[in-house]
Amino acid sequence: MHRFLSKKRIRHHILVLNQVDHFRFNRASLINVGFLESGNDTDYIAMHDVDLLPLNEQLDYGFPEAGPFHVASPELHPLYHYKTYVGGILLLTKQHYEMCNGMSNRFWGWGREDDEFYRRIKGAGLQAFRSRTFQHLHDPAWRKRDQKRIAAQKQEQFKVDREGGLNNVRYRIESRTALTVAGAPCTVLNILLDCDMSETPWCTFG
């Protein structure tokens, strides 16, 4: 990523968002935390899964002024072929992310947070644009995804969260480590998320 972005003369800083609490994985809350911790010297973000890489040198990672720019096109994704898919890699200006109030914090476990975020994008009056070339590196045999649906989670996963997001993500930074990896400027954030058990009891396996 550093070589790719440097060739395009795109100033960048990579935040590695590492969840270290005892709750189930919450990708959306981690992205909210990354946004809040990204500082004032950034004007846009890339919500970027670690198992996706750009293949085409011409691929645009520039400032997405026109609207959210989806790099991981559903036409080429091995699993997700529906038109409203916006997961994997999505570029947004900070203003547009704030207009959406970030992502919902209600999605514990794997999946569905991107579908809800698509509705937030549309609700904010924004249009998502798409790209067409990336490489998907996930190996399900090596790392299995937590796709369990617990308690009322099965019904809740299809609802739009009209209240939560950036405004109510609960977390603490356990550690912040600045380092350089193969020339890439990085910050590793070890993040302790918090869960309101009365709102989302499915945040644990218990």
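This report describes a predicted model, beginning with one helix and moving outward to the core, the sheet, the charged pairs and one buried acidic residue.

## Helix α4 and its surroundings

Helix α4 spans residues 113-123, and because 8 of its 11 residues are buried, the helix is largely enclosed by the rest of the structure. The buried residues are E113, D114, D115, E116, F117, Y118, R120 and I121, a list in which charged residues such as D114 and R120 stand beside F117 and I121. Among the elements that cover these buried residues are helix α2 (27-36), strand β2 (44-48), strand β5 (89-93) and helix α3 (94-99). After α4 comes G125, which has a positive phi, near 80°.

## The nonpolar core

In soluble globular proteins, nonpolar side chains tend to be buried together. Here the largest nonpolar core has 16 residues, of which M47, L90, L92, Y97, M103, F117 and I121 touch the most other members. Two or more residues of this core come from each of the elements α2, β2, β5 and α4.

## The open sheet

Four strands, in the order β2-β5-β4-β6, form an open sheet whose pairing is mixed. At the edges lie β2 and β6 (129-130), each of which pairs on one side only. Within the sheet, strand β4 (residues 69-70) pairs with β5 in the antiparallel sense over 2 bridges, and the bridge partner of F69 in β5 is L91.

## Charged pairs

Side chains of opposite charge can pair when their charged atoms come close. The structure holds 10 salt bridges, and one of them joins D114 to R27, with the closest N and O atoms 2.7 Å apart. This pair links distant parts of the chain, since D114 belongs to helix α4 and R27 to helix α2, 87 residues apart. Both D114 and R27 are buried.

A salt bridge also forms between the side chains of E199 and R106, at 3.2 Å from N to O. E199 lies in the segment after β9 (184-193) and R106 in the loop between α3 and α4, so the pair ties together parts that are 93 residues apart in sequence. Both ends of this pair are partly exposed, E199 with a relative accessible area of 45% and R106 with one of 22%.

Within helix α4, the side chains of R120 and E116 meet in a salt bridge of 2.8 Å, N to O. These residues are 4 apart in the helix, and so are separated by about one helical turn. An α-helix has 3.6 residues a turn, so residues three or four places apart point the same way. R120 counts as buried at 7% relative accessibility, and E116 counts as buried at 1%. Elsewhere, salt bridges that share partners join R27, D49, E113 and D114 into one network.

## A buried acidic residue without a salt bridge

D21, in the loop between β1 (14-19) and α2, is buried yet has no salt bridge, and the nearest side chain of opposite charge, that of R172, is 9.5 Å away. What, then, does the side chain of D21 make a polar contact with? The partner is the side chain of Q19, at 3.0 Å, while the backbone nitrogen of L193 lies 2.7 Å from a polar atom of the D21 side chain. When neighbours within four places in sequence are left aside, D21 is in contact with I191, L192 and L193.

Notes. Residues are numbered from 1 along each chain as its sequence is written. This is a predicted model: local features need pLDDT of at least 70, side-chain atom pairs count only at pLDDT 80 or more; totals for chains, interfaces and linings use all residues. Side-chain values use heavy atoms; hydrogens and water are left out. Buried means under 20% relative accessible area, exposed over 50%, partly exposed in between (1.4 Å probe, protein chains only). Contact means heavy atoms within 4.5 Å. Lys and Arg count as positive and Asp and Glu as negative; His and the chain ends are not counted. A salt bridge is a side-chain nitrogen of Lys or Arg within 4 Å of a carboxyl oxygen of Asp or Glu. A polar contact is a pair of N or O atoms within 3.5 Å; within protein, one must be able to donate a hydrogen and the other to accept it, and residues adjacent in sequence count only if both atoms are side-chain atoms. A nonpolar core is a set of buried Ala, Val, Leu, Ile, Met, Phe, Trp, Tyr and Cys residues joined through side-chain atoms within 4.5 Å. Two strands pair if DSSP finds at least two bridges between them.
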